[in-house]
Amino acid sequence: MTDNNSPKNQPPRISVGLYRSQEDPDAISSSDEARHFGHDFIVLPIVSSSYKRFISGQKKQPDNAKNSKVIEEWRKNHVFFRDDLVIKNTDLVDYVVGQVSDWLDFDSPDHNVRINSEIALRQQISWACHLGISAVLISFPSTNSIMNYARSLNSVLGSLTYTYVWCKIPLVLETELMTDESFESSVTWERWNKFRVLCEHNSKLSIALEIPAQLPDDEELERWFSEPIKAIILPTNIFLTNAKGYPVLSKKHQAFVRKMIKYKPNFVISCNADSDLHENNGLASYQEYIRYLNRTIPELTQIEQFANGYQDYLQSPLQPLMDNLESSTYEIFEKDNIKYIYYEKAIYHALLDRVPPESDETTVIMVVGAGRGPLVTRSLSAAEKANRRVRIYALEKNPNAFVSLQNMKTEVWGDSVTLAFSDMRLWNPPEKADLLISELLGSFGDNELSPECLDGAQKFLKPDGVSIPTSYSTFISPISSTKLYNEVAAHKDFVHFETPYVVMFQSASELTESQEIWQFEHPNKSFEVDDNVTFDIKQSGMLHGIAGYFESILYKDISISIRPTSHTKDMFSWFPIFFPIKTPIYLPSKTKLEIHFWRLSTSQKVWYEWCVETSYSSGVDTISLSSPSIHNVSGIILSNLLLGLNFKCAFCIESGIIDIEIPHLFFMQVEPNSLFTKFRD
């Protein structure tokens, strides 16, 4: 119901609905009222209170023989009587969320009540689907005994195509709110988590989160941002009254609502009685206030503008060693001015350190993997600021990007830059370099084969030469994200759980802070690394995969990072990487989570394998909580492969002179969409 097609620099348009606790409302007049007060939709019960007779009508009474016969017919045929329906036809389907009866009792001691409740659940959701209603609202289990409810619902979820099920969940239980002690939302989260696991993580099941007058602390709230929240329910009695008599939310509630807006849920104003309304403007004032909060959200940051539309969107990592990138891809990354500012700063300080003032010495700079030339331009700018003489070589293997380099040499750089078309691992330079500059880092640091490429280029460097970047470290953290798990699971195979994805996290939360697993420095002769990291899980959560980040030292104290705790401000060239796991794992608080990672290679390919292992210490014994499963064994699903042939094909351009001398390579890659090998020339 939320309109996601908002302008890039504007907050999304939000959808605000109305939910009035009326037992037998008139659908037409209630909808007209909601429209009159400016709401985008209304929550209405699917059936009227007369429908209750089918749930409890078989209790033993002297005069219920006729009623029992009616109920038996109902149980056999599952047919509605028109007078039992509130939503009777398709006239309002685009404006209505249907509410399943909240008096269904799946855990009643009466067997007939349990059976009838299950039939009624099926019947009501089936009617909503028949009409084409986009969502139905169900009640949250009121007790810890949720097995039969989950079983009944799960049997329905598999048949849904268009309709979603919103489970109305109180952020904090009423019993906790009634006490003076501090409270938390972990009780409801634990119950919800058990419920959705029993429903097999079905993507049609989502949350309508009901907000209390008092919010838990931020750590408790954070876990909900990784859950499939489709609606936020705001009761009118949690609103405060400002000096003019209008409803407003507390500062903490405002912050929570504003943060939730970026996840694009629907908002629902819930009103139990007119006596709960504030003085001014009645029902309209609540939806107007929520829209006001949306309008006053701060402007999107540069990263948010760039990532708009890419949040939680899974992408295959780039493979620039195997694939020739398109001009549009280069253009996107060249827009990241922050990254190039840091590179220029690193080059500037390296030049100052290398050559004394007033010296006539010329510093040889080699930019390997030059692309369309942004690092070449920054090198020239750094040399000018440092007042140092430089001679620059720009090396590129992409024949299309090489044309762009020729254009830059002709139109901008002139003779100060020498162009070379070659794979950096096989080029024979005319002289050694003082500075070797590259931007081969991937989201995981080394996943674009920077170590292999730069090791091949180390022969270019003088013994005291400097590589920029100097080093890069890889970090991982356990992550919870129902959205990302469902995106991978939607492929309905295990193949897609064996490959990593580049993704801008939004509906995700780290279960604990990231830790380093390995580091590469140059020169480095060993590219096979493995490590295992142990995380202490303080707050219970659901593990859906592993997040990967990097930190890189460009030169001395000049560094860039995409790790959340040290992310370079406004830099957007890299999104994190996501390694999914096949089966979500519940992690109780005080769990030990051990993540094993391997970076493996042969003479032909490089790949990752990963595995998670959980345990719980009772103080005496350590209990294993999961059976580890290793992903992407032997790189059979996703690998970066390289096969070299022995003939040459390369040239260098300097002042119009061309020397040919370049090896030709065949690349091949096994991709998750096919189990056969694709060859690329």
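The legends below describe close-up views of a predicted model.

**View 1. Confidence along the predicted chain.**
The average pLDDT of the chain is 85, and 86% of the residues score at least 70. In residues 643–650 the pLDDT is below 50, and this stretch has 25 contacts in the model beyond near neighbours in sequence. Residues 655–681 also have a pLDDT below 50. Beyond near neighbours in sequence, the stretch 655–681 has 88 contacts in the model.

**View 2. Helices H4 and H5, with axes that cross at roughly 30°.**
Helix H4 covers residues 111–131, and helix H5 covers residues 147–157. The axes of H4 and H5 come within 10 Å and cross at roughly 30°. Angles under 35 degrees count as roughly parallel, so H4 is described as roughly parallel to H5. Their crossing is right-handed. On the H4 side, the residues that meet H5 are Arg114, Glu118, Leu121, Arg122 and Ile125. On the H5 side, the residues that meet H4 are Asn148, Arg151, Ser152, Leu153, Ser155 and Val156. Sorted by class, this contact of H4 with H5 has four nonpolar, three polar and four charged residues.

**View 3. Helices H5 and H7, packed at an angle of about 45°.**
Helix H5 also packs with helix H7, which covers residues 186–198. The axes of H5 and H7 are 9 Å apart, and the angle is about 45°. This angle makes H5 oblique to H7. The crossing of H5 and H7 is right-handed. From H5, the contact includes Met147, Tyr149, Ala150, Leu153 and Asn154. These residues meet Lys194, Phe195 and Leu198 in H7. By class, the contact of H5 with H7 has six nonpolar, one polar and one charged residues. Leu153 of H5 meets H7 here, and Leu153 is also listed in the contact with H4.

**View 4. Helices H13 and H14, with axes that come within 8 Å.**
Helix H13 covers residues 337–354 and helix H14 covers residues 374–386. Their axes come within 8 Å and cross at roughly 45°. The two helices are therefore oblique to each other. H13 passes H14 in a right-handed crossing. The H13 residues in this contact are Asn337, Tyr340, Ile341, Tyr343, Glu344, Ile347, Tyr348, Leu351 and Leu352. They meet Pro374, Leu375, Arg378, Ser379, Ser381, Ala382, Ala383, Lys385 and Ala386 in H14. The contact of H13 with H14 has 12 nonpolar, three polar and three charged residues.

**View 5. Glu439 and its contacts.**
An unreviewed UniProt entry lists Glu439 and Glu448 under "active site". Glu439 is found in the loop between strand S14 (433–437) and helix H16 (450–457). Leaving aside neighbours within four places in sequence, Glu439 is in contact with Lys339, Tyr340, Tyr343, Pro374 and Leu375. Among these, Tyr340 and Tyr343 in H13 and Pro374 and Leu375 in H14 also take part in the contact of H13 with H14.

**View 6. The cis peptide bond between Ile468 and Pro469.**
The peptide bond that joins Ile468 and Pro469 is cis, with omega of about 10°. Pro469 is found in the loop between strand S15 (461–468) and strand S16 (471–480).

**View 7. Asp312 and its positive phi.**
Asp312 is not a glycine, although its phi is positive, at about 60°. The loop that holds Asp312 runs between helix H11 (302–307) and helix H12 (327–334).

Terms used
Residues are numbered from 1 along each chain as its sequence is written. This is a predicted model: local features need pLDDT of at least 70, side-chain atom pairs count only at pLDDT 80 or more; totals for chains, interfaces and linings use all residues. Side-chain values use heavy atoms; hydrogens and water are left out. Axes are lines fitted to C-alpha atoms, for helices over the stretch in contact, and angles run from 0 to 180 degrees between N-to-C directions. Helices (H or I, at least four residues) and strands (E, at least two) are DSSP runs, numbered from the N terminus. Angles under 35 degrees count as roughly parallel, over 145 as roughly antiparallel, 65 to 115 as roughly perpendicular and the rest as oblique. A crossing is left-handed if the near helix is turned anticlockwise from the far one by less than a right angle, and right-handed if clockwise. Contact means heavy atoms within 4.5 Å. Ala, Val, Leu, Ile, Met, Phe, Trp, Tyr, Cys and Pro count as nonpolar, Asp, Glu, Lys and Arg as charged, and the others, Gly among them, as polar. pLDDT is the predictor's confidence in each residue, from 0 to 100. UniProt positions are given in the numbering used here, feature names are shortened, and annotations may be inferred rather than shown by experiment.
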